[in-house]
Amino acid sequence: MSVLLLLSAGRGPRECAWALTQLLHRLTAEGSRRGVTIEQVQAVPGDRPGSHRSVLIQISGVDAEAFAASWTGTLCWQAPSPYRTSTGRKNWYVTAQRPRLDAVPTTFSEAEVDIVGCRTGGPGGQHRNKASTAVRATHRPSGIVVVVDEERQFSLNRRIALNLLRQRVEHGDEVARRAVTTARWRIHDDLVRGDPVRVERPDPQRPGRPG
């Protein structure tokens, strides 16, 4: 079993990006102890070395679901700022959420298209109507329907209809991909400061400050 988890520093200060990296180290170490594997899928670095604005990870193993649940929500890294010694703030928040899965691309196949001849009105005279040269094409998986009567030959209208269907299916896939991307970016704005599900602190021997 595998689970995706997106960690984000949201729009917080640079310390939150630093805290994200510290929390990721802690999460990975705990995962190793619990027998799950953590792999980075995507990462957006912060403006300081050793920091991340967001990291998408894949958690794999028998206990992946429960482990991911234990790290889902608002996380807090409690430590002094490594960048501003004058600030008294010690709580830096990160959000961890299950993202929407990537949209599965549609494989266009002519075998999944129903094509029938039909008659349409408009310019072209009675020959077009009587010969039923217009084409009605239906892509069964998506339900997209197009009607083409641009040409006087059925075969030409059929070719045009298939091209139109292919374009509309690909456009639908692009819209779905954008929706997934938008939903993931919204997670960055969903960071709630306070009431964390976990509060983690540096090991006394390893304070977690950047070198």
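## Strands S1 and S5

In this predicted model, S1 and S5 run antiparallel to each other and are joined by three bridges. One spot to look for is Leu-6, whose bridge partner in S5 is Gln-97. S5 doesn't show much of itself to the outside: five of its seven residues are buried, so "mostly covered" is a fair description, with buried meaning under 20% relative accessible area.

S5 also pairs with S4, again in the antiparallel sense, this time over six bridges. Follow that pairing and you'll find Trp-77 with Trp-92 in S5 as its bridge partner. Cys-76 has a partner in S5 too, namely Tyr-93.

## The six-stranded sheet

Now for the wider view. Strands of a sheet pair through backbone hydrogen bonds, and they can do this in a parallel or an antiparallel way. Here, six strands make an open sheet in the order S2-S3-S1-S5-S4-S9, and the pairing is mixed. At the edges sit S2 (37-45) and S9 (198-200), each of which pairs on one side only. If you ignore direction, neighbouring strands of this sheet are turned by 25° against each other on average.

Helix H1 packs on this sheet and touches S1, S2, S3, S4, S5 and S9. The direction of H1 makes about 15° with that of S3.

## Helix H1

H1 covers residues 14-33, which is 20 residues. How far should the helix span at 1.5 Å a residue? The expected figure is 28 Å, and the end C-alpha atoms turn out to be 30 Å apart, so the two agree. After H1 comes Gly-35, which has a positive phi, near 80°.

Take one residue of H1 as an example: Thr-21. Is Thr-21 buried or exposed? Its relative accessible area is 6%, and because buried means under 20%, Thr-21 counts as buried. Beyond its neighbours within four places in sequence, Thr-21 is in contact with Gly-50, Ser-51 and His-52.

## Two nonpolar cores

The largest nonpolar core has 28 residues, and the ones touching the most other members are Leu-5, Ile-57 and Ile-59. Which elements feed into this core with at least two residues each? They are strand S1 (2-8), H1, strand S3 (52-60), helix H2 (64-70), strand S4 (73-78) and strand S5 (91-97). H1 gives the largest share, eight residues. A second core lies apart from this one; it has 10 residues, including Val-146, Ala-161, Leu-165 and Val-169.

Back to Ile-59 for a moment. Leaving out neighbours within four places in sequence, its contacts include Met-1, Ser-2, Val-3 and Leu-5. Val-36, Thr-37 and Ile-38 are also in contact with Ile-59, and so are Ala-64, Phe-67 and Ala-68.

## The three-stranded sheet

There's another open sheet to find, made of three strands in the order S6-S7-S8 with antiparallel pairing. Its edge strands are S6 (113-118) and S8 (144-148), each pairing on one side only. Neighbouring strands in this sheet are turned by 15° against each other on average, direction ignored.

S7 (residues 134-139) runs antiparallel to S8, and five bridges join the two. If you'd like a pair to pick out on screen, go to Val-135, which stands opposite Val-148 in S8.

Notes
Residues numbered from 1 in each chain as written. Predicted model: local features only at pLDDT ≥ 70, side-chain atom pairs only at ≥ 80, totals over all residues. Heavy atoms only, no water. Pairing = 2+ DSSP bridges. Helix = DSSP H or I, 4+ residues; strand = E, 2+ residues; numbered from the N terminus. Axes fitted to C-alpha atoms, helices over the stretch in contact; angles between N-to-C directions. Expected span 1.5 Å × (residues − 1). Core = buried A, V, L, I, M, F, W, Y, C linked by side-chain atoms within 4.5 Å. Buried < 20%, exposed > 50% of the residue type's maximum accessible area, 1.4 Å probe, protein only. Contact = heavy atoms within 4.5 Å.
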